[in-house]
Amino acid sequence: MPATVGRRTDRPAPVRYGPRGLDRWTVVRTGIVAAVAYAAWLAIGAFGRPYNFFDMKIYHGAVVWWANGNELYDFIAPSTNLGFTYPPFAGLVMLPMSWLPVEAAGWLNALASIAALAVVLAALLRPIVDRLGWPLWFTVAIATPMALAIEPSRETLGYGQVNLLLFALVMADLVGLRWRAKRGTHHDTADSALARFVYSGSWAGVGIGLATAVKLTPALFIAYLMITRQWRAAMIAVGTTIGVTLGTFALVGQESRAYFTGVLWQTERVGAADMTANQSLAGLLARLYDSIQTPGLLWLAFSVLVLALGLSRAASARADGDELTAFTLVGLTANVISPISWSHHLVWVIPAIIVLADAAVRRHEASRGLPPRVTAAPPTGGVPALRPPIWYPTLTGGRHGAGALAFYLLFLVSPIWPYEHQLPEVSHYQDGLFGALMENSLAIALIVLVAALPWRPGAEPAFYHDRLIRAAQLTARR
């Protein structure tokens with residue numbers, strides 16, 4: 001099909017400015033990007049908290065302690081009772097930080113996290129902007145500061161956490177699965193063997209495996225891959241996790257034994273369950289019971305329910321051709337059922353907001369193709385009049401758009417902190433039921449998303465071509 005089909009060809013040439021001939025819209029878009037970035041910076045200052053790379057100081061102190069010949073898990077940060085809690089593979093990855101000052105390590109981690117988030121947003125938004133005809137650079141340049149302004153991202157950067165980097169590893173496998181579904185369209189024409197391998201997506205599963213070796217909660221994605229019978233990616237993920245873990249054991253066996261036989265089971269090393277920052281189901285229940293400890297059997301029962309709901313909805317989303325929503329549901333489910341999910345862990349709300357916004361646009365676009373409504377026939381007979389659907393197409397998709405906006409504003413404002421309480425000094429009901437609701441608002445939002453996040457049938461399938469062809473043939477026969 002010619003490139004000009006469906007496009008206006010009589011548009012006037014764009015007005016150019018300056019010695020390099022920048023067109024007017026580029027100048028306008030650049031100004032919009034600058035305004036959004038400045039607004040995001042102001043929002044971080046207004047709704048964020050004072051940040052000083054608190055977690056990065058623990059990581060940095062631990063690897064410096066380790067590099068000086070001490071035991072990694074014996075380190076306790078000064079003026080705290082906190083030590084290194086990640087698997088030893090994470091310690092090996094962070095070990096080069098011992099050569100840098102802690103501030104330099106924190107800023108390097110922040111820059112790498114911002115770059116990783118921008119790349120992930122480009123991958124997630126590209127199918128959407130290609131459909132809508134928007135410039136990718138402009139969309140990503142707006143989306144990145146907006147995503148950085150909300151609670152999980154700003155806390156990750158401010159504390160020197162690794163959540164955005166792990167998020168990028170998992171989403172890399174989503175991209176790999178997409179490329180495998182489109183095999184024959186990219187990698188066969190690549191110039192080098194390496195490029196053909198990358199575009200083939202044959203490596204999908206490596207990102208999840210590495211993320212699981214760094215932090216155990218991404219292992220839920222391996223369960224999802226198995227449930228949806230994506231065996232190749234699942235086995236690659238399992239093999240990567242086991243291989244990296246065994247390799248780490250061969251290099252630092254003492255630390256590996258200490259972690260898997262002791263540190264892993266010492267949940268008190270990370271903090272009390274009822275702390276306001278813990279927005280998991282366990283934290284929610286502990287605060288509702290106004291207790292430092294989570295009621296174990298109740299948490300287990302509800303966790304199994306949420307796990308079954310999240311994985312079943314993820315499998316259904318994938319079966320309907322929306323792998324992004326499937327991955328998002330798995331990530332949200334992991335946040336809910338984990339005993340500890342600090343607010344900086346909740347990065348999966350970013351793709352959830354994207355899915356809601358795209359669902360709103362899709363439904364609004366689809367409504368334009370609805371036939372006009374037919375009024376009753378005139379009393380004198382004749383052909384019934386056609387009345388255009390004025391209000392219905394306007395409102396179609398409105399609830400999804402409102403949901404995207406509401407969740408974004410919730411995680412931007414993050415109302416948990418004005419109502420932060422800590423037992424035994426202050427009850428979680430100190431500010432009444434409204435205060436308790438606000439203190440648990442992010443956890444409640446996660447549960448709502450697991451239960452109600454819509455998927456977009458046929459939006460971004462990650463199937464093999466032969467399965468798509470068979471599905472099309474079955475549809476045609478019907």
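Residues are called buried under 20% relative accessible area, exposed over 50%, and partly exposed in between (1.4 Å probe, protein chains only). By this criterion, buried residues make up 46% of the 478 residues in the chain. The structure is a predicted model: local features need pLDDT of at least 70, side-chain atom pairs count only at pLDDT 80 or more, and totals for chains, interfaces and linings use all residues. Residues are numbered from 1 along each chain as its sequence is written, and side-chain values use heavy atoms, with hydrogens and water left out.

The chain has 21 helices and four strands. Helices (H or I, at least four residues) and strands (E, at least two) are DSSP runs, numbered from the N terminus. Contacts were counted between heavy atoms within 4.5 Å. Among contacts between residues at least 6 apart in sequence, 73% join residues at least 24 apart. The chain exposes about 24000 Å². Carbon and sulfur atoms supply 67% of that area. Accessible areas come from the Shrake-Rupley method with a 1.4 Å probe; for residues, only the protein chains shown count as cover.

Helix H4 spans residues 102-132 and has 31 residues. From its first C-alpha to its last, H4 reaches 44 Å, close to the 45 Å expected at 1.5 Å a residue. The expected span is 1.5 Å times one less than the number of residues. H4 nevertheless carries a kink of about 45° at Leu 125, shortly before the proline Pro 127. The bend at a residue is the angle between axes fitted to the seven residues ending there and the seven starting there. Just after H4, Gly 133 takes a positive phi of about 80°.

The structure holds eight salt bridges. A salt bridge is a side-chain nitrogen of Lys or Arg within 4 Å of a carboxyl oxygen of Asp or Glu. One of them pairs the side chains of Arg 49 and Glu 155, at 2.9 Å from N to O. Arg 49 lies in the loop between helix H1 (24-47) and helix H2 (54-67), and Glu 155 in helix H6 (residues 151-159), so this pair ties together parts that are 106 residues apart in sequence. Glu 155 is buried, at 1% relative accessibility. Arg 49 is partly exposed, at 23%.

A salt bridge within H4 joins Asp 130 and Arg 126. The closest N and O atoms of this pair are 3.7 Å apart. The two residues are four apart in the helix, about one turn. Arg 126 is partly exposed, with 49% relative accessibility.

The side chains of Arg 456 and Asp 358 also meet in a salt bridge, with an N to O distance of 2.7 Å. Arg 456 lies in the loop between helix H20 (441-452) and helix H21 (465-477), and Asp 358 in helix H16, so the pair ties together parts that are 98 residues apart in sequence. Both Arg 456 and Asp 358 are buried. They belong to a network of salt bridges that links Arg 131, Asp 322, Asp 358, Arg 362 and Arg 456.

Helix H16 covers residues 349-367 and includes Ala 357. Ala 357 is partly exposed, with a relative accessible area of 34%. The C-alpha atoms of Ala 357 and Leu 405 are separated by 8.1 Å, although the two residues are 48 apart along the chain.

Several backbone features fall in loops. A cis peptide bond, with omega of about 0°, joins Leu 423 and Pro 424. Pro 424 is found in the loop between helix H18 (398-413) and H19. Ser 414 occupies the loop between H18 and H19. Its phi is near 50°, a positive value in a residue other than glycine. Ser 414 is buried, at 1% relative accessibility. Asp 290 lies in the loop between helix H13 (281-288) and helix H14 (296-319). Asp 290 is not a glycine, yet has a positive phi of about 55°. At 27% relative accessibility, Asp 290 is partly exposed.

On the surface, Leu 288, Tyr 289, Tyr 429 and Leu 433 make a nonpolar patch of about 440 Å². Patches are made of residues with over 30% relative accessible area and no salt bridge: like charges are joined within 9 Å, nonpolar side chains (Val, Leu, Ile, Met, Phe, Trp, Tyr) within 5 Å. Leu 433 lies in helix H19 (residues 432-439). Leu 433 counts as exposed, at 68% relative accessibility.
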